[in-house]
Amino acid sequence: MPYEQLLPTTVIGSHALPGWFWTAMDALKRGEYGPSDEQEVYDDAVRLAIWDQKEAGIDVLTDGEMRRWYFVQNFYGKMEGLIERPSLRQTGLYGYDSVPRYWIDDRVRVPEGLGIVEEFRFLKQNIGEGQRIKACCPGPLTLTMHIQIREGDAYKDRVELGWEFAEVVNRELKALEQEGCTEVQLDEPSFGIIPGKLTDWVALLNHALDGVSARKNLHICFGNLGSRPRGRRRYDWMFPALLDVNADCLCLEFANREMVENDIYERFEGKFDFMAGVVDVKSFWREPPEEVANRIRQVLQHCPPERLSVSPDCGFFQLPRWLCRLKLQSLVAGTRIVRKELEGKK
Ligand SMILES: [Zn+2]
């Protein structure tokens, strides 16, 4: 479905967690909350994420991924066939080597699905008429990253495990469509450190997206855990292989890289729409609207406006809520400046 709005604004997925949410998580861990309290915490957190996005004037909303923990960690709790292992490093700064990791016990099963359908259902029930929304799902590569494959496991390597997850993701996306979802997004923050051949992972993404008729976004970034990237922060090496992905739109990050590769649309060969990250989620600087407008103008030198939408670089889950709100406001105000200029040219 084409967008009616010129330069639609959206978010990548996660919203910032409010202060009270962290306090509630501590109380939950101490066993002070019952199931109804817990349900209310998550429901209210989603309502707040919707509220913040709407108040800022964002065009395509998400549920803020408020029911997820550190982007993917909650999904492993829904899987069977894994053995939880202690984190490699348990002291000091929380980083990519601090996260829980898993071994394979048996073939991985996700009997009840990833839970994204339930998230979407709640989002749908809590927005107004005509509001555009999307559902975000981690990609198959990213889901494998916390799992270590050992000799003699049910999967010979990460790619084979990726096929298992591509199937899981495909089922989830199709179930989302059944629920009335018209726009989905696959998130692959691990693509920058891809193990093995790029063409294998492109085939996996296509399997995950196979037969899905909703609008298909693919977000590739360089990681955001602790506001730190991981891997080489360039997209050019992914082309031309990425041209074979069966997605409608590529969602890429630029603001934190000071707009390096802002001409990347020229590598798309007209195959994809473009969602450009023009707000830096890794910086505490609240970029003024004019700065956001400047970034959009740089992208527009290479991409026709009718194919462009704008977003922050990545999810907001590593920022405090007050700053996330300001950045959403800058995103919308900066976009409005450029919309006006484009309308003036008509
Ligand atoms: Zn990202």
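This briefing walks through a sheet, a pair of strands and two cavities in the structure above. Keep in mind that the model is predicted. A search of the whole structure turns up two cavities of 30 Å³ or more. There is also an open sheet of three strands, and a strand, β8, whose six residues are all buried.

**The three-stranded sheet**

- Reading across this open sheet, the strand order is β2-β3-β6, and the pairing is mixed.
- At the edges sit β2 (80–85) and β6 (147–148), each of which pairs on one side only.
- Helix α6 (residues 158–178) packs on the sheet and touches both β3 and β6. The direction of α6 makes about 55° with that of β3.
- Strand β3 covers residues 101–109 and runs parallel to β6, with two bridges joining them.
- For a spot to look at, try Tyr 102, whose bridge partner in β6 is Ile 147.
- As background, strands of a sheet pair through backbone hydrogen bonds, and they can do so in parallel or antiparallel fashion.

**Strands β7 and β8**

- β7 (residues 183–188) and β8 run parallel, and six bridges join them.
- One place to find this pairing is Glu 188, which has Ile 220 in β8 as its bridge partner.
- Strand β8 takes in residues 215–220 and is mostly covered, with six of its six residues buried.
- Both faces of β8 are covered. On one side you'll find Arg 215, Asn 217 and His 219, and on the other Lys 216, Leu 218 and Ile 220, all of them buried.

**The largest cavity**

- The largest cavity has a volume of about 90 Å³.
- Its lining includes Ser 14, His 15, Leu 17 and Trp 22, along with Gly 64, Glu 65, Arg 68, Trp 69, Tyr 70 and Phe 71. Phe 317 and Gln 318 line the largest cavity too.
- By type, the lining of the largest cavity splits into six nonpolar, four polar and two charged residues.

**The second largest cavity**

- The second largest cavity holds about 60 Å³ of space.
- Two elements give two or more residues each to the lining of the second largest cavity: α4 (116–125) and β5 (135–138).
- Helix α4 gives the most to that lining, with four residues.
- Among the residues lining the second largest cavity are Ile 116, Glu 119, Phe 120 and Leu 123, as well as Lys 134, Ala 135 and Cys 136.
- Glu 65 and Arg 68 line the second largest cavity, and both also appear in the lining of the largest one.
- The lining of the second largest cavity divides into five nonpolar and five charged residues, with no polar ones.

Key:
Residues numbered from 1 in each chain as written. Predicted model: local features only at pLDDT ≥ 70, side-chain atom pairs only at ≥ 80, totals over all residues. Heavy atoms only, no water. Pairing = 2+ DSSP bridges. Contact = heavy atoms within 4.5 Å. Axes fitted to C-alpha atoms, helices over the stretch in contact; angles between N-to-C directions. 1 Å grid on protein atoms, 1.4 Å probe; cavity = no way out; pocket = protein on both sides within 12 Å on 5 of 7 lines; lining within 4 Å. Points joined across faces, edges and corners; volume = space filled by probe spheres on them. Nonpolar A, V, L, I, M, F, W, Y, C, P; charged D, E, K, R; others polar. Buried < 20%, exposed > 50% of the residue type's maximum accessible area, 1.4 Å probe, protein only.
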